[in-house]
Amino acid sequence: MNSQRPILVYVEDDENSILVMKMVVERVMGLPTLYVLQSRADFVQQVKGLGVVPDVFLLDIQMRPYDGVELLSMLRGDPQFNKSKVIALTASVTNEEVSLLKSGGFDGAIAKPLNIEVFPDLIARIINGEQVWYIA
Amino acid sequence: MNKIFSKQTEEEHKARKTIMEVAYLSLFVFLLLIMILTRSSSLASTAQRISFIAQGLIALAALTSFIFSRRGYTMVGAYFLPYGILLLTFVLINVTGVGSINALFFVTIIVVAGVTAGIRGVVIFGALSIVSAIGLYFAQNHGWLANKSPVSFVTPAITIAHILGDTFVLFFLIRIFNKNLISALEANQELRQLQTSLEQRIAERTRDLAIASDVSRQITRVLDMDLLLPELVEKTRQGFNLYYVALYLYDPQTEELTLEAGTGREGALMKSEAKSFPINARPSVVAQVARECKIEIINDTQQSTIHLFNPHLPDTRAEAAFPMLVSDELVGVLDLQSETVGRFQESEAQIFSTLAEQIAIAVRNAQLYRQQEHVAQELERTDLMKSQFLASMSHELRTPLNSIINFTQLIAMGVAGPVTDEQLTMLHTSLSSSRHLLQLINDVLDISKIQAGKLGLYIEEDVNLNDEIKAVIDMAEPLLQKQNAMLEQPIRFIQDIDHDLPLTACDRRRIRQVLLNLLSNAIKFTEQGSITLSAKKKEKEFIFAVMDTGPGIPQEMQARIFEPFVQATDDIKHTQGTGLGLPISRSLVEAHGGELWVESKMGEGTTFFFTLPFRPLITQ
């Protein structure tokens with residue numbers, strides 16, 4: 001793991017959200033790149049195609065055809081990504097959803113819209129092994 | 001005479017029996033006492049001994065009569081006593097001779113016979129006495145009786161004359177007595193018949209009322225008219241033993257009457273023919289009743305000009321129709337038909353009238369119920385659409401808004417190039433407006449969930465309320481600073497918080513939401529003085545209070561501010577908000593089992609309180 005220059009993967013179906021995340025990661029946090037993948041059945045293949053093991057997966061929850069929870073279970077089926085942190089990104093944080101995300105095996109959740117000022121710090125804490133539930 | 005010798009009626013028999021039995025027993029007891037008293041003095045002379053035996057014989061006869069009478073052999077018993085006295089007479093004669101035959105002996109027999117066995121007894125024992133008197137006279141004069149000298153014929157003649165005279169007197173006396181007894185008994189019987197018929201009528205009326213109330217009870221239970229009315233008319237028909245019962249409903253819009261339910265096959269047939277007719281139809285009993293709202297009773301349809309012969313109901317001979325009114329408004333007409341001329345009497349009309357009233361109320365209820373049901377279905381559909389709309393709004397509205405907020409934030413941070421101070425101010429305004437819009441959307445979602453009863457809490461164990469309060473204060477601090485920047489004298493923020501509030505189970509995000517809402521309200525409305533946040537544990541609950549020194553809330557608004565979309569002031573500066581914060585907060589507190597209320601005095605300030613039950617462990 002490279003805690004100085006972590007490798008982040010983002011799965012999202014809204015173009016604007018991708019653009020925001022790219023600016024936050026590449027310009028605000030100054031990381032070389034944000035890997036953006038698509039919600040597809042071959043999700044694990046896509047990740048392997050990157051050629052690196054990501055430090056943090058940021059999964060949007062409300063996506064089609066596969067939502068964040070389904071993508072998480074695909075990832076957890078492969079021991080190669082055991083050490084990767086998986087974070088849920090969600091716009092509608094209902095109580096039911098939080099418990100679902102916790103029991104579903106996510107390492108944390110971050111509410112949308114992003115609080116850009118605290119986001120870099122949240123990522124750092126996640127990489128340090130902290131469970132982060134930044135949802136209110 | 002015929003009547004005298006005819007068989008006694010049941011009543012006569014019973015009355016006489018009771019009198020006799022008392023007399024028999026009294027006589028027996030009386031003689032027994034006499035005998036005991038006599039025995040105690042002396043029985044020296046023969047006459048005294050004979051008299052003693054005679055008393056015994058009569059006493060025995062009286063007792064025998066009593067026993068037979070008790071056993072039901074009244075007449076047998078009635079004859080025993082005269083026979084006993086007759087026997088006594090013979091005993092006395094044997095001792096004293098016919099010469100001493102006193103008419104009194106025989107008269108006694110006849111009186112006793114008359115009293116015990118009636119006229120028949122008088123006649124029988126009168127005759128027996130005369131025969132005995134003559135027989136005894138001859139017996140004595142022929143020397144058949146010992147130690148007795150012959151007597152002149154005058155003695156028995158006087159005796160017989162006495163007997164005859166007394167017999168006649170008794171005969172008529174008893175006849176008069178019997179007549180009186182019979183008329184008294186007849187009067188009694190008449191009275192009894194009257195009573196029976198009265199009882200019958202009461203029973204009938206009670207039965208009618210029972211049927212009516214049974215029907216009424218049915219009415220109040222069933223709200224569905226299609227089920228209710230057919231059952232109702234059938235029950236009425238059966239209960240009152242009628243030929244046909246029908247119910248017409250009135251439609252005030254078309255001014256038409258429609259057959260809603262009728263009994264039997266005829267009813268079903270006529271209903272299928274959809275018989276509707278205007279209220280001014282003539283001749284029609286039902287239409288007339290509907291027009292005049294007055295009961296119409298036709299007790300002989302063949303003599304009536306308004307009764308319309310119905311080929312489906314050929315046997316109708318009497319018809320009665322009752323208007324069904326609810327507070328003077330015509331609901332319909334209850335029509336009753338009978339095969340019997342003169343079936344509908346005044347006394348029953350009241351019951352039918354009441355029944356019609358009851359049905360009217362039931363029909364009105366059912367109509368309202370039907371309307372309500374329709375409205376409820378409509379509402380349910382609308383509600384479902386609303387939920388779906390809100391669910392999609394939640395996602396569709398927030399996604400672009402999130403982008404707006406984040407891009408604005410990025411630009412303001414200078415990510416896309418340098419920003420002037422003026423631009424920065426504008427960007428911050430844009431940002432705060434966007435955040436306000438987002439809050440609005442979230443509030444609307446919350447309140448709609450609350451109203452749909454779908455608000456669930458996410459209860460966590462061991463929540464540290466001190467941490468949550470601190471987080472809320474951190475969030476409220478910038479708002480306060482912003483407010484203070486516009487004021488000459490800054491508002492003091494006072495914390496009165498127990499620092500060791502015990503861990504409790506609650507939905508901490510929701511509790512934070514409530515606290516933040518109350519604090520930001522206080523900041524928004526206070527321009528001088530202070531705002532105090534207090535949090536204490538008292539017995540089994542926590543009490544939170546947010547106190548300000550703002551303008552206060554008028555008494556009449558204090559309840560209304562908890563209704564959605566209501567704010568206490570129209571002041572534009574203060575209306576920035578959804579008007580949903582308080583109703584949401586109250587619902588959230590109540591969902592936790594707590595209470596939220598306000599205390600306020602105009603010009604002094606406002607305090608919002610809420611309680612939160614202390615739950616050290618989640619109850620499983």
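# A tour of a predicted two-chain model

The crossing of α11(B) and α14(B) is left-handed, and this pair makes a good place to begin in what is a predicted model. Select residues 421–451 of chain B for helix α11 and residues 581–591 of chain B for helix α14, whose axes come within 10 Å and cross at roughly 45 degrees. The two helices, α11(B) and α14(B), are therefore oblique to each other. To see what joins them, show the side chains of B:Asp443, B:Asp446, B:Ile447 and B:Ile450 on α11(B), and of B:Gly581, B:Pro583, B:Ile584 and B:Ser587 on α14(B), since these residues make the contact. Coloured by class, the residues of this contact between α11(B) and α14(B) divide into four nonpolar, two polar and two charged.

**A second helix pair**

Next, select helix α12 (residues 465–485) of chain B together with helix α13 (residues 508–525) of chain B, where the axes come within 9 Å and cross at roughly 25 degrees. An angle under 35 degrees counts as roughly parallel, and so α12(B) is roughly parallel to α13(B). The crossing in which α12(B) passes α13(B) is right-handed. On the α12(B) side, the contact is made by B:Glu468, B:Ile469, B:Ala471, B:Val472, B:Met475, B:Ala476, B:Leu479, B:Leu480 and B:Gln483. On the α13(B) side, the residues to pick out are B:Arg508, B:Ile511, B:Arg512, B:Leu515, B:Leu516, B:Leu519, B:Ser520 and B:Ile523. By class, the contact of α12(B) with α13(B) has twelve nonpolar, two polar and three charged residues.

**A buried threonine**

Move now to helix α7 (residues 225–239) of chain B and centre the view on B:Thr236, which lies in that helix. Is B:Thr236 buried or exposed? It counts as buried, because B:Thr236 has 24 C-beta neighbours inside 10 Å, where 20 or more are required. Leaving aside residues up to four places away in sequence, B:Thr236 touches B:Val215, B:Val245 and B:Leu355. A distance worth displaying is the one from B:Thr236 to B:Asp208, which are 28 residues apart along the chain and have their C-alpha atoms separated by 9.7 Å.

**A helix covered by strands**

Select helix α9 (residues 285–292) of chain B, in which the buried residues are B:Val285, B:Val286, B:Ala287, B:Val289 and B:Ala290. Which strands take part in covering these residues of α9(B)? The cover includes β1 (244–251), β2 (256–262), β3 (276–278), β4 (296–298), β5 (318–326) and β6 (329–338) of chain B. Step just past the end of α9(B) to find B:Cys293, which takes a positive phi of about 55 degrees.

**Chain B as a whole**

Zooming out to chain B, one finds 14 helices and 13 strands, and of its 620 residues 31% count as buried. Among contacts in chain B between residues at least 6 apart in sequence, 65% join residues at least 24 apart. When chain B is coloured by confidence, the average pLDDT is 82, and 88% of the residues score at least 70. Among the elements of chain B, helix α1 (residues 2–5) has the lowest mean pLDDT, at 38, whereas strand β11 (residues 541–548) has the highest, at 96. Residues 1–7 of chain B should be read with this in view, as their pLDDT is below 50, and beyond near neighbours in sequence the stretch has four contacts in the model.

**Chain A and the interface**

Switch to chain A, which contains five helices and six strands and follows the pattern β-α-β-α-β-α-β-α-β-α-β along its sequence. Buried residues make up 32% of the 136 residues in chain A, and residues 24 or more positions apart account for 62% of the chain A contacts with a separation of 6 or more. The average pLDDT of chain A is 88, with 93% of the residues scoring at least 70. Strand β1 (residues 8–11) of chain A has the highest mean pLDDT among the elements of that chain, at 95, and α4(A) the lowest, at 76.

Finally, show both chains together: 19 residues of chain A are in contact with 19 residues of chain B. On the side of chain A that touches chain B, α1 (15–28) and α4 (95–104) of chain A each supply at least two residues, and α1(A) gives the most, with six residues. The residues on this side of chain A divide into nine nonpolar, six polar and four charged. For the complex, the predictor gives an ipTM of 0.90 and a pTM of 0.49.

Notes:
Residues are numbered from 1 along each chain as its sequence is written. Chains are lettered from A and ligands numbered from 1 in the order in which they are written. This is a predicted model: local features need pLDDT of at least 70, side-chain atom pairs count only at pLDDT 80 or more; totals for chains, interfaces and linings use all residues. Two residues are in contact if their C-beta atoms, placed from the backbone, lie within 7 Å. Helices (H or I, at least four residues) and strands (E, at least two) are DSSP runs, numbered from the N terminus. Ala, Val, Leu, Ile, Met, Phe, Trp, Tyr, Cys and Pro count as nonpolar, Asp, Glu, Lys and Arg as charged, and the others, Gly among them, as polar. Axes are lines fitted to C-alpha atoms, for helices over the stretch in contact, and angles run from 0 to 180 degrees between N-to-C directions. Angles under 35 degrees count as roughly parallel, over 145 as roughly antiparallel, 65 to 115 as roughly perpendicular and the rest as oblique. A crossing is left-handed if the near helix is turned anticlockwise from the far one by less than a right angle, and right-handed if clockwise. pLDDT is the predictor's confidence in each residue, from 0 to 100. A residue is buried if 20 or more other C-beta atoms lie within 10 Å of its own, exposed if 12 or fewer, and partly exposed in between; C-beta atoms are placed from the backbone.
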